[in-house]
Each structure stands twice: as structure tokens, then as C-alpha cells.
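Me: I'm new to this structure and would like a close look at one part of it. Could you walk me through it at an easy pace?

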Amino acid sequence: MHRLPLVLSFCCLLLACNQPDSSQTDNVSVSTTAITPQALIDPTPRGDESVPSEPPTLPTISSASGDSDPAYREITWDDLMPEDYRPETILMKYMQQLEQFEDDDPKAMEVYGQIQAELENAPINHKLNGHKIKLPGFIAPLENSDGKVAEFLLVPYFGACIHVPPPPINQTVLVMTGESDRIAVDNIYDPIWVKGEISTEGKSTDIGEAGYRIVNARVEEYTG
Amino acid sequence: MARVVSLSELRFTWPGSPRPVLDIERLDIDRGQHLFVQGASGSGKTTLLSLLTGINQPDAGKLEVLGQDLAEMSSIRRDRFRADHLGVIFQQFNLLPFLGILDNVMLPCRFSPRRRKRAGDVGAAAHQMLDELQIADGLRTREVMQLSVGQQQRVAVARALIGNPEIVIADEPTSALDSDNRDAFIDLLFRRASEHGSTLLFVSHDRHLAAHFDHRIDLGEINRAQHEMNP
Amino acid sequence: MKLLPLAVKSAWNRRLSLSLTILSIAISIVLLLGVDQIRKEARNNFINTLSQTDLIVGARSGPINLLLYSVFRLGNATNNVSWKSYQELSSLPQVKWSIPLSLGDSHRGFRVLGTNRDYFKFYRFAGHRQLEFATGGVFDEVFDVVLGADVARKLGYSVGDRVIVSHGLVSAGFADHDDKPFSVVGILKKTGTPVDRTVHVPLEGISAIHVDWQSGARSTLRLSAVQALKMDLQPREITAFMLGLKNRIATFRVQRQINEYRAEPLLAIIPGTTLSNLWQLLGSFEMVLLAVSVLVLVAGLIGMLTTIISSLNERRREMAVLRAVGAHPHHILLLFLLETLIIVSLAMLLGIALLYLLLWGISPLLTEWIGLNLQSGALDAQQWLFLLAILSLSLVISLLPGIIAYRNSLQDGLTPRL
């Protein structure tokens with residue numbers, strides 16, 4: 001009698017394997033911003049594929065994608081990192097050590113672990129606090145209201161490939177939408193524009209700074 | 001008025017047909033007449049009836065029924081005209097099998113407020129008609145299919161006469177009856193038609209029936225379209 | 001309306017074939033409305049089951065599987081989580097609160113959940129709603145039990161009653177922990193979530209009843225309840241646990257940490273995300289179901305059309321009679337539309353009646369099997385509109401035989417040539 005839920009779960013699992021969100025998948029549908037060991041050593045510009053990579057300063061005029069709402073400044077994910085922060089400098093620190101090892105040497109893994117920890121503790125760019133910005137990204141739903149996503153984490157890329165670290169604190173934005181901007185469940189895999197006032201102040205906790213937050217955000221379809 | 005039907009230079013050709021099927025110089029029918037129209041099949045009688053009943057319209061000529069020119073009327077008005085002033089009896093299958101006997105008799109009153117008014121209490125009028133046509137009480141609750149052909153034909157007459165239409169057109173009404181019943185039927189039809197003040201137009205191929213009538217015409221003779229075909 | 005009685009009587013005359021048509025359309029309406037009903041109820045039930053929870057952790061399996069057994073009490077875990085791992089991970093600096101979950105037992109068809117008092121403190125659903133007690137309160141003693149609203153109602157329990165827990169999910173009497181009964185100390189208010197169908201006991205209670213089951217079967221030692229209490233009842237394993245973090249933005253990091261935890265293979269999911277994924281999956285399934293239902297309706301309507309069209313020829317004489325008494329061809333057309341109106345209206349009434357009957361019949365089964373709580377209320381506005389659309393569609397397609405009959409009667413006049 002209890003086979004039915006198992007059959008259902010099994011079917012769900014089978015179908016889930018085809019869903020891009022499976023944690024086992026390697027599919028990253030947008031051009032990768034993944035930090036591979038190679039990229040650590042040979043830094044190439046990262047960032048959203050639609051907007052050309054810019055130095056991490058706030059543009060004063062909205063750029064390429066023709067934003068029709070001048071109240072919101074378009075920013076990139078790079079802008080979420082403070083100007084003086086350069087991942088490359090962290091790498092440089094460890095470069096010498098890394099060169100000693102083969103890629104799969106466990107000691108190399110340790111070093112990568114340390115690099116990862118440092119990258120994850122990346123600082124927040126407080127210059128953005130209070131600005132009305134517009135940022136594209138993908139969502140990881142956290143809360144829903146009547147079947148529509150009302151609170152989510154905004155990240156730069158889609159799918160959590162297990163070979164790369166998760167987005168660091170300063171590449172994640174906690175977003176709470178207004179009532180009319182909740183995202184329907186059919187669209188949770190689509191990239192979106194988030195518009196709102198970004199805040200960097202938060203309750204300070206013992207794990208470091210609180211992180212980026214947008215409340216009462218507006219959401220738009222991302223068409224490129 | 002004295003003339004109930006008056007047609008002149010009436011012509012009708014079926015669409016797609018090279019020749020007219022009906023070409024009548026003149027035909028007049030007076031009120032109260034019992035007219036026998038003899039027509040073999042193919043003589044154009046079906047067409048004539050369809051014109052008189054307003055189903056089709058003539059291509060040319062005048063067609064006056066009860067003083068109104070049917071050639072000038074829209075199809076909707078012709079259908080209403082038929083409902084108001086004509087009673088029609090076919091050779092067979094006159095009745096709707098899904099209606100009761102009474103409902104069948106009352107049918108014309110459904111389509112003609114004029115006849116409904118003239119009938120008064122339609123239900124009572126229906127019973128009255130069935131009395132006149134010698135349909136026993138017990139039969140009236142039966143289904144149509146349970147009646148004999150003769151009984152069905154008499155119910156058809158009751159329906160044709162309810163509400164006193166001015167004209168009754170009967171197309172081969174006795175052809176399905178056996179010869180014993182034919183005379184009795186025609187007798188009954190005559191009497192009832194006269195009582196209700198209706199002019200009777202009786203169409204048949206059977207010239208033996210003509211004896212009952214004092215007014216007769218041969219459609220083959222007056223229909224000029226047939227002369228070319230049967231010289 | 002002079003034609004309606006004619007249409008009714010004409011249809012009644014052909015009632016055998018028309019009833020079959022009515023039945024087939026009614027069935028498709030049951031399907032369409034039923035799918036819609038289930039979809040809406042599932043939405044209300046599933047999507048509001050859990051809120052304000054950042055991570056759920058269990059032994060490594062699939063994310064949806066973990067969500068289903070830990071939150072919806074559907075399916076089973078393949079493996080457990082050690083108490084040590086739970087303690088370590090729930091003490092991570094980013095963690096604000098944690099709730100341990102221990103599943104596997106049942107009571108008369110309802111699942112038993114072993115947990116602690118934090119469950120009642122931190123569990124949220126439908127946004128910000130908390131668990132509330134209708135009577136009694138949370139457990140204090142090892143053998144205390146808190147019942148969900150539906151359990152208490154269905155089994156007629158009140159505070160103070162005794163409850164026997166069965167090993168595994170089905171009670172067959174011989175695997176009952178009947179030597180160690182629990183006593184009801186609280187009954188929760190209805191939530192509309194699987195909480196209503198759960199029997200909650202302390203973790204120590206689960207350990208206590210399994211004290212002489214260590215080998216998987218009841219041992220011959222047969223310890224009494226009192227003796228069990230004297231033993232160390234701290235659980236060695238749990239099935240899963242929930243975590244609330246101090247900062248939601250750290251969710252990914254903590255999730256990764258748990259997924260890479262070396263001491264044990266574990267899986268951490270973000271329930272909001274997994275729930276949305278599950279919901280999206282069900283949505284596609286729903287679409288398929290809806291498409292199938294629509295096809296069934298189309299088949300039913302085509303069947304109706306076939307029935308009507310095949311009757312056209314034999315009804316030509318009837319049409320001639322009607323024309324003889326003064327009907328216009330547009331009256332004939334109207335008769336066909338009316339007939340369709342009658343057929344489809346009756347089909348809808350029958351369909352709605354069947355639907356309620358079905359819902360009334362299978363609702364308890366659905367609740368037991370997949371936790372779906374169907375309420376058969378009245379049809380909502382959207383469903384009425386839907387029925388209206390079906391009616392309009394039917395009338396439009398009935399124009400086909402209607403127009404054929406119209407033209408036939410124009411041509412036939414009083415003398416159909418059959």
C-alpha cells in the first residue's frame with residue numbers, strides 16, 4: 001500500500017535527473033564563470049556574458065543592454081567586489097606552493113581548500129550600499145508565497161557544478177520581491193533582472209559581514 | 001376574396017437544369033373548391049406544390065395566394081405564410097414519431113400564432129379534430145408508429161385542418177391506403193374541409209379518383225414545359 | 001420557446017445513443033475538473049508545507065527523495081545520519097537552530113516522528129505560521145506523544161489516551177511496541193500540512209522502544225518500559241535534520257560544507273529550491289494530464305458529432321414535416337443547436353455529480369497514499385468559465401450538422417428524396 005509514494009518518488013527522481021538543477025550535473029548553461037584551477041593561474045575576465053567585462057567600478061551611465069529605466073543603475077557581478085579586491089592576489093600568494101604539486105596531489109587539494117576559504121570570505125563592496133541597482137542573474141528559491149517564489153538567492157550562474165566552489169558571499173544577493181514581482185514556478189530556471197535598492201549593512205555576525213540584500217525588489221525577464 | 005390561388009405565366013427551372021420543369025400560362029382556384037390535379041410523376045406536380053407552399057420561388061410569372069404575391073416574399077415570410085394559411089398532407093410519414101398524437105395535431109399552432117388564436121384552446125381543438133376524423137380516444141395516447149397507415153393519414157388531416165387554414169394541399173394522400181379505405185378517406189376529407197371553410201387541392205396520378213371531384217385539371221396539359229417532352 | 005420542447009422530445013426519442021454520448025462527455029468533464037481540483041489542492045497543500053528553513057540534511061540520496069521523506073512523510077530514507085555528525089554540523093557557527101528528525105515507525109497508518117522540543121519552536125509553514133496546540137502541550141517525558149490534528153480526529157484521541165507504536169510502517173500486531181505505550185500530552189491545531197497526519201514523540205522515546213530491537217527483530221530479553229527508561233536513551237542515529245542559519249546568504253557555503261563532510265556521506269538541500277523544482281516537475285506532469293484530458297474531451301465531442309451526423313439522413317422526413325407546418329430552415333438549424341445544448345448541459349450536470357461522488361470516494365485514499373487533502377467545495381469561477389467554454393465549443397461544432405441539415409431542408413423542401 002505504501003508502494004505508491006515510492007513509485008512516485010522514483011518517477012520524480014528519474015525526471016529530476018533530467019532537470020538542470022540536479023547537483024550531479026555538469027551542465028552550466030551560461031558561459032562559465034567557474035573558477036577552474038587553470039583559471040586561477042591564468043585569470044581571464046569573468047562576469048556575465050551579456051555585458052563586456054569591466055573594471056570593478058560603478059558605471060555612471062547605464063550600458064550595453066539598453067536599460068529603459070534610468071532610475072536603476074545597471075551593475076555587473078564584478079561590481080559586487082570591492083575595487084581593491086583582486087582574486088589574483090590571493091592566487092599569487094599560493095602560486096609558488098601550487099607549482100610544486102601535481103593537480104591531484106592531496107597536498108594540492110589542501111592548498112586549494114585554503115584558496116577557496118579565502119575566496120569565500122571575500123569582502124563586500126560597501127560603496128554600493130543604498131544604491132538603486134539593476135543586476136541580472138539566476139535564482140535559488142528560498143521561500144514561496146502561494147506557489148510563487150517570494151524570496152531567493154541571486155547568483156551569477158546556473159547550476160551548482162560540484163567541481164567548483166559555490167558562489168562566495170560577495171557573489172550572492174539575498175532578494176525579497178514585492179507582491180507583484182513574485183516568480184512563477186515555471187520560470188525558476190530562467191535568468192532575470194533584479195532591480196532594487198541594494199543594502200550592505202546587515203546584522204554583524206561572527207562569520208563576517210552580513211552580505212548583499214535587496215528588499216522589495218522588482219523582477220524582469222532577462223532577454224539578453 | 002373569391003380567388004384563393006391565381007397564377008399566370010409561371011415558370012420554374014431547377015438550378016443546373018437546361019429546361020424549365022414548369023411553364024403554366026394560367027391557373028385559377030376559387031374559394032371552397034375541391035380541385036383534383038392529375039399529375040403523373042415527372043409532370044411537375046412536386047414543383048408546383050413546392051411553389052404553392054412557398055418552399056421555392058418561381059423564376060418568372062405571377063403567383064398569388066390569398067391575394068398575396070409569393071414571388072415578392074422573403075423565404076422567412078413565405079414559411080410564415082405557409083404556417084398561417086396552408087395545411088399540407090403527404091402520401092405518408094406525415095407525423096413526427098417523437099411526438100404524441102395530440103402534439104402532432106397541434107404542431108401548426110406552434111408555428112403560427114394566427115392559427116393558434118383561431119383554434120382557441122389548442123388542446124381542446126385537437127381533441128375536437130380527432131373526434132371529427134374518427135380517431136378513438138384510446139388511440140390518442142398511443143405512439144405514432146402504433147397506428148395504422150389509415151389512422152395516421154386521418155391524424156394528418158386533423159393536423160392540416162386545425163386552426164382553419166384557408167387552403168389544404170394533399171399530395172397523393174391515398175396512395176398508401178388500400179382501395180377499400182380510399183373512398184371513405186376522400187369522403188371524410190371533403191366533408192371536414194368544407195366544414196372548416198378550406199379550399200382543397202388534391203394532387204394525384206390516379207385518374208380513377210378524379211370521379212370524386214367536380215373540378216379537375218390535368219397538369220400534363222396545362223404545363224407547357226411538358227409539351228416539348230411529350231408531344 | 002416553441003422549439004425547445006420539440007428538441008427535448010426528439011432527443012428523448014433517440015435516448016439510447018444520446019445517453020452514451022452524454023456519458024462519454026461527462027467522463028471527460030470529470031477528468032478535466034478532477035485534474036484541476038487535484039492540482040489546486042496539491043498546490044495549496046504541498047507548497048505551503050515548510051517555510052523559513054534553510055537546509056535539510058540527510059544521508060546522501062536524491063534531493064527530491066530527501067524532501068519527500070523528511071517533509072512530506074512519503075517514501076523512506078535509505079540510510080541514517082549519525083548522531084555525532086548531527087551534533088557537529090548543528091554546532092557550526094553559522095547555524096541558528098536545528099531540528100532532528102527520526103522516522104520509521106508508525107501508529108495505525110500514521111507516521112511517527114521522533115524529534116525534540118525545538119521542532120515545535122522552529123517549524124514554520126505557509127510563510128510565517130507556527131505550530132499551535134489545540135489542547136495540551138509539548139512533551140516532557142520519554143513516553144509522551146503529541147498528535148497532529150487529523151490523527152487525533154480520525155482515531156478519536158484526546159489528551160491522556162494511550163498510544164502503541166508499531167515498528168515499521170504497517171501495523172500487523174506482531175511487530176508492535178505494545179509493551180511500551182505512549183501517552184498523549186498534546187494535540188496540534190490543523191495546519192493543512194503533513195504535520196496533521198504525524199504522531200510526534202521525543203527522540204528518546206524512539207530509542208526506548210527500540211531498546212530490545214537492536215538486531216532488527218524483537219529480542220527475547222523483553223525489557224519493560226521502566227527498565228528502558230533507566231538505559232541511556234540518547235539516539236545514535238537520526239534520519240535527517242533541519243537547519244536555520246543566522247544569515248541566509250551563507251546558505252550555499254554551509255550546504256557545500258555539509259555535502260563535502262568527510263565523516264559521513266550526507267546531502268544538504270535548500271528546501272525552497274528543491275520544493276520549487278519538485279513543483280515545476282509536477283507542473284509539467286500536470287500539463288500532460290491536462291492535455292490528455294482535453295484530448296478525451298475532444299474525443300467525446302467528436303463522438304457526439306458522429307452520433308448527430310449519422311442521424312441526419314433518417315431525420316430528413318422529420319424535417320420535411322416541420323417545414324410543411326411552417327418551419328424555416330433556420331428553425332431546423334436551431335433544433336440541432338438546442339439538441340447539442342441539451343446533450344452538453346446534461347453531460348455537465350452528470351459530470352459534476354460524478355466528480356463529487358468520486359472525490360468523496362477517493363479523497364480518504366488520496367490522503368493516506370500521497371498526503372493530499374482534497375476538499376470538495378463548490379466549483380470556483382475559473383471552473384465555471386471552463387465549463388462555459390466547453391459549452392460554447394460544443395455549440396460551434398454542432399453548427400456542422402446544423403448547417404448540413406439546413407441545406408438539406410432547403411433542398412428537400414417538402415419531399416426529401418431519400
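Which residue is the bridge partner of I167(B) in β8(B)?

Reply: Keep in mind that this is a predicted model. The residue you're after is T199(B), which sits in β8(B) as the bridge partner of I167(B). That bridge belongs to a pairing between strand β7 (residues 167–171) of chain B and strand β8 (residues 199–204) of chain B, which run parallel and share five bridges.

Now step back to the sheet around them. It's an open sheet of five strands in chain B, ordered β6-β7-β8-β3-β9, and the pairing is parallel. At the edges you'll find β6 (86–89) and β9 (215–218) of chain B, each pairing on one side only. Going from one strand to the next, the twist averages 15°. There's a helix on this sheet too: α6 (residues 149–161) of chain B packs there and touches β6 and β7 of chain B. The direction of α6 makes about 165° with that of β6(B).

While you're in chain B, look at helix α7, which spans residues 179–195 and holds D183(B). Is D183(B) buried, exposed or partly exposed? D183(B) counts as partly exposed, because it has 14 C-beta neighbours inside 10 Å; a buried residue would need 20 or more. You can also find H212(B) from there: D183(B) and H212(B) are 29 residues apart in sequence, while their C-alpha atoms are 8.5 Å apart in space.

Terms used: Residues numbered from 1 in each chain as written. Chains lettered and ligands numbered in written order. Predicted model: local features only at pLDDT ≥ 70, side-chain atom pairs only at ≥ 80, totals over all residues. Helix = DSSP H or I, 4+ residues; strand = E, 2+ residues; numbered from the N terminus. Buried ≥ 20, exposed ≤ 12 C-beta atoms within 10 Å, placed from the backbone. Pairing = 2+ DSSP bridges. Axes fitted to C-alpha atoms, helices over the stretch in contact; angles between N-to-C directions. Contact = placed C-beta atoms within 7 Å.
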